[in-house]
Amino acid sequence: PDSLNRYLLNVTIEPEQYRFEGTLQLDYTNTEDTALEQLFFRLLPNGQRSYGNGSLNVGEVKVDGAIQPTSLSVEDSVLEVELGKSVAPGEQVQVEMSFQGRVPQDFGGSQPVNGYGIYNYTDGAMALANWYPILAVHDEQGWNLDPVSFIGDSVYSDMATYQVEIDLPEDQLLVSTGVIQQETAGDARKQYVIESGPVRDFFTILSPSFESVQEQFEGILVNSYYLPGNRAGGQRALKVAIEALD
């Protein structure tokens, strides 16, 4: 539906430097029953805990083309953006910002607080969960701005659609939310344009070493990706995914 927020992301990933940088454009529709004068974005990697010691930093922010003041809170995991006006129910605004992130290395292990490797670089694979500023949820309790948790899923987000342009080294195999619409290559780099339907967020993971197994289930192609030496686990994950669909 037209009321769904739309994210347009453009990101350049440098896995060997454990970093990325990009821009975000959010086409936002106020679907609440009250006027809003601020929007709140989650910078979840700054909350540490299950995201390790990485970071996500935001530069200049514009609303409908005009620079607006911002502020950080909740351990720098919440970015408040002033809209510069009151946005009534049903009205739209466009928010633009630049951002850059740094990814932890080998954040994991046997400790309870290992983050499951959701935002991490290890064994030549870079996992990017919640790597961009994501709009917080506004509901009958107001804005939901809980700190990042030690365990479990810290993400609470509204459904939205995504168009994501990703630039990365040509040797990387990319696995992500959505469907690849376009792929180009040149100068030892390659670029993807990816579109999604309504989803909670946009995940991507990349490695030059990924292997995969696939299986069709009722017309749906299910892919399971794994690192060399983990074929049995990859096949088990494929079986679990198909059973979940069934």
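**View 1. A residue counts as buried when its relative accessible area is under 20%, and Tyr132 makes the cut with 0%.** Keep in mind that this is a predicted model. Tyr7 is buried too, at a relative accessible area of 3%.

**View 2. Here's how the rings of Tyr7 and Tyr132 meet.** A pair of aromatic rings is described by the distance of the centres and the angle of the planes. For Tyr7 and Tyr132 the centres sit 5.8 Å apart and the planes make 70 degrees, so we call this pair edge-to-face. Tyr7 belongs to strand 1 (residues 5–14), while Tyr132 is in the loop between strand 10 (125–128) and strand 11 (134–135), so the pair ties together parts 125 residues apart in sequence. A search of the whole structure turns up twelve aromatic pairs. Zoom out a bit and ring pairs link Tyr7 and Tyr132 with Phe20, Phe99, Trp131, Tyr162 and Phe202 into a cluster.

**View 3. Tyr51 and Tyr119 make another edge-to-face pair.** Their ring centres are 6.2 Å apart and the planes are at 65 degrees, which is over the 60-degree cut-off, so edge-to-face is the right label. Tyr51 comes from the loop between strand 3 (36–42) and strand 4 (55–63), and Tyr119 from strand 9 (residues 119–122), so this pair ties together parts 68 residues apart in sequence. Both rings belong to buried residues: Tyr51 has 1% relative accessibility, and Tyr119 has 0%.

**View 4. Tyr119 also takes part in a strand pairing, with Leu128 of strand 10 as its bridge partner.** Strand 9 and strand 10 run antiparallel and share four bridges. The hairpin they form has two residues between the strands, and Asp123 takes a positive phi near 50 degrees there.

**View 5. Phe20 sits in the largest nonpolar core, which has 46 residues.** In soluble globular proteins, nonpolar side chains tend to be buried together. Along with Phe41 and Trp131, Phe20 touches the most other members of this core. Strand 14 (residues 160–169) is the top contributor, giving five residues. Not counting neighbours within four places in sequence, Phe20 has contacts that include Val11, Ile13, Leu56, Phe99, Val103, Tyr119, Leu128 and Trp131. Thr12, Gln100 and Gly101 are also among the residues Phe20 contacts.

**View 6. One for the charge-and-ring fans: Arg49 and Phe150.** Arg49 lies over the face of Phe150, at 5.0 Å from the ring centre.

Methods. Residues numbered from 1 in each chain as written. Predicted model: local features only at pLDDT ≥ 70, side-chain atom pairs only at ≥ 80, totals over all residues. Heavy atoms only, no water. Phe/Tyr/Trp six-rings, centres within 6.5 Å; stacked < 30°, edge-to-face > 60°. Buried < 20%, exposed > 50% of the residue type's maximum accessible area, 1.4 Å probe, protein only. Lys NZ or Arg CZ within 6 Å of the ring centre and 35° of its normal. Core = buried A, V, L, I, M, F, W, Y, C linked by side-chain atoms within 4.5 Å. Contact = heavy atoms within 4.5 Å. Pairing = 2+ DSSP bridges.
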